[in-house]
Amino acid sequence: MNIAVCVSHVPDTATKIKIGDDNKTINKAGVTYIINPYDEFAVEEALTWKEKAGGDSKITILSVGGDSNKETIRKALAMGADDGILLKDDNPRDSMGIAKALSKEIKSHKFDVVFCGKQSVDYDAGAVPQMLAEFLDYSCATVVVALKMDGNKIIAEREVEGGREVVELELPAVIGAQKGLNEPRYASLKGIMSAKKKTIEEKPAAQAENLSEIIKMYSPPAKQSGRILGTDASAVPELVRLLREEAKVI
Amino acid sequence: MIIKSSTDEIQNYLVDASNFRGYCDAIYIPSGTMEVMNILKEANNKKQKVTVAGNGTGLTGGRVPQGGIVLSTEKMKNIIEINSEHKFAVVEPAVILKDFQDKVREYNLLYPPDPTEGNCFIGGTIATNASGEKTFKYGSTRVYVNKLEIVLADGDLLKLERGRSISEEYKLNLKTESGKEYRIEIPVIDMPLTKNAAGYYCKKNMDAIDLFVGSEGTLGVIIKAELKLVPYPEKIISCIIFFNNEKDGLNFVFDARDKSYRTRNKKSTANIDALALEFLDENSLNFIKEDYPQIPANVKAAVWFEQEVNSSNEEILLEQWMQLINLHNGDEESAWFAANEKEKKNLEEFRYKIALKVTDYLAQYNVNKLGTDMAVPNERFNEFYYFCTEEMKKNKFNYVAYGHFGNSHLHLNLLPRNESEYEKGKIIYKGIYTKAIELGGTVSAEHGIGKIKTDYLLEMYGEKVLREMAKIKKQLDPNLILGYGNIFKESFLK
């Protein structure tokens, strides 16, 4: 089985994001980057599939971006993936630009299945897996929390508003992984060492025009501090009144 | 200043993470030095007990009052200065350790003392000479305290700077801001050759500041501290290895420990030199298994290590660690390796989880903590570990054993389910600390004595030494108002 996993290199979820001076990008000073958490589920799923399929199954990691993305590709290699390809472009791309670059590369291989995170936690557009499937003419399921192989078919459970939806897909397919799909493994020491020795293939990302533009980036309004109404039972009536009339929660 | 006295408001101040409980009349929350001085002056005149409270994360009842008032430092929480050129920071006592560490990180600096609980106040870590995982390489809090400002029991202010007031052999002179002088006799004792947080620090030609670090709120109230910082390491590798045999896990720790010491002696940078070297036994792993289903089946022990690396030595060091893991039959395939900062934090949390679960367990069964905090000299640790675990098995008592094994420091937590089991556990515990003392160890390596370990301290140092330590306390606090019940039993203060 020939498997692809698309990974994105994003700021650590614990990082305090500061807006850059241009009000369009973030200030990257002091920001540590990690593999997009949803992509970790995608890598783990690919590893499980490879283990099940056995034989000469292979996992290829793909990422669009600058040199620093290699760190994230290496992380996926350390978890157990086989090859890595960096589709290089130092300029920022929107979902369309990324999906086009990925689809061009994926077309030149014969992948049975392409795993992605359902979205990346930097821009949160959640659009790449669907666009990719469209460009490749693959079937597609996103926000997937459970997966089963059944011959040439896949049974996927998707998280939808208020419940779950079970869909059947034919291979080849693009899968967008949601939290809950699996528990990603840690890289082993051996994995780390062999990942260091692997070469990551570098190619220029296919040209594609961005269709969207960031006009302005701003922080959400600061949380207002709480109000202390009193420190004993006498404050309760006022608290109830405010919860009812002002906060409108009861 | 805020004063709280209604039952609802003071509840949180009457307990700490050991579940030890107390009582008091009121909580005083000063917002600055003058207010602290005034509270103490007044209390001293009235001979009223004052218990200094940090964030309540302690494990020995140190902040839990036994009557009188509580002085909570919680409003004094400013980071006054971070000086990246000379690598120090000036803080008030209620700065939360974890926030402080995050803040100095922005300056690419590190504050190494890192007790497992990051929500503690820095004041509390100084008062108990806190240590933790990283003490194996960096040493305990004491090493990082450059200057202290302390309000003494009578409200007088004492300013100390490391290197400025050294005892002449065992005679120490202190001079307060108002000009008052104290001539203190330091007891002549041999402190254990382990990390140690039991009783006052006493040494020939010692620095006055060291008397106050680890004095558990019995000598004064810390209101300001200047702390030493170090450059943040370029990169830290972090790994948890699982072993199918407990002995292999222990031998791995001992081997890594000895290798680390050799590396430091040689001042080499391309050899094994662990930052942290932690051990978790099978019971500990089972205790957290529901939170970490990825723990491999049937493992008998786990070891967590960290090491500083840089781009030029990383590969060679990974190679060395791998060889060491293989040598001791560690399961290299199942080891968890942190590939980035986030995963490194996850591994820290894994180790911390066990301590948190013990605290939850105590609250659930409403029993007090019965956990060892003993360290023994390295060459005796193996003997100590097997003595303790055999005692537990012999008595069929539930327990978890984990801790800073690189420092020969064991946290064996007994897990009683009710008061009668607790009483039975206390007897086993006594056997364990007696053994630690016999092996030349300490009854408290990092948590301090507080109120629940005063008996053990007496056992460790004997009555004569304790009376000499109490003499220092009586000189600085003649009305015995501060930290009542900490370190000394009442009979030693009469």
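Which residue's side chain meets that of A:Glu245 in a salt bridge? I started my notes there, and the partner is A:Arg241, at 2.8 Å from N to O. A quick reminder to myself before going on: this is a predicted model.

**Entry 1, the helix pair**

I looked up where these two residues sit. A:Glu245 and A:Arg241 both belong to helix α6 of chain A, which covers residues 236-245. They are four residues apart, about one turn of the helix. The 2.8 Å gap is well inside the rule, because a salt bridge asks for a Lys or Arg side-chain nitrogen within 4 Å of an Asp or Glu carboxyl oxygen. I then ran the count over all chains, and it comes to 58 salt bridges.

**Entry 2, strands around β7(A)**

Next I turned to strand β7 of chain A, residues 139-150, and asked what it pairs with. One partner is strand β10 of chain A, residues 173-177, joined to β7(A) in the parallel sense over four bridges. In that pairing I found A:Ser139 opposite A:Ala173 of β10(A).

Another partner is strand β8 of chain A, residues 153-160, which runs antiparallel to β7(A) with six bridges. Here A:Lys148 has A:Ile155 of β8(A) as its bridge partner. I also checked the link between these two strands: β7(A) and β8(A) make a hairpin with two residues between them. In the turn, A:Gly151 has a positive phi of about 65°.

**Entry 3, chain A against chain B**

How many residues of chain A are in contact with chain B? I get 18 residues of chain A, touching 21 residues of chain B. The two chains bury about 2000 Å² between them, with 61% of it on carbon and sulfur atoms. On the chain A side, A:Tyr186, A:Leu189 and A:Met193 lose the most area to chain B, and together they account for 37% of what that side buries.

For the polar side of things, I find three salt bridges between chain A and chain B. One that I looked at joins the side chains of A:Lys190 and B:Glu333, at 3.5 Å from N to O. I also note six residue pairs in polar contact across this interface, with both residues at pLDDT 80 or more.

I then asked which elements of chain A supply its side of the contact. β3 (33-35), α1 (37-53) and α5 (189-197) of chain A each give at least two residues. The most comes from α5(A), with six residues. Sorted by class, the side of chain A that touches chain B has eight nonpolar, three polar and seven charged residues.

**Entry 4, domains inside chain B**

Last, I opened chain B. Its domain assignment gives domain 1 (2-72), domain 2 (79-231) and domain 3 (235-438). I picked domains 1 and 3 of chain B, whose C-alpha centres lie 35 Å apart.

Where they meet, five residues of domain 1 of chain B are in contact with six residues of domain 3 of chain B. The area buried between these two domains of chain B is about 440 Å², and carbon and sulfur atoms give 47% of it. The rule finds zero salt bridges across this interface between domains 1 and 3 of chain B. What I do find there is three residue pairs in polar contact, both residues at pLDDT 80 or more. The side of domain 1 of chain B that touches domain 3 of chain B has three nonpolar, two polar and no charged residues.

Methods: Residues numbered from 1 in each chain as written. Chains lettered and ligands numbered in written order. Predicted model: local features only at pLDDT ≥ 70, side-chain atom pairs only at ≥ 80, totals over all residues. Heavy atoms only, no water. Domains from an automatic or database assignment. Contact = heavy atoms within 4.5 Å. Buried area = accessible area lost by both parts, 1.4 Å probe. Polar contact = N/O pair within 3.5 Å; in protein donor to acceptor, adjacent residues only side chain to side chain. Nonpolar A, V, L, I, M, F, W, Y, C, P; charged D, E, K, R; others polar. Pairing = 2+ DSSP bridges.
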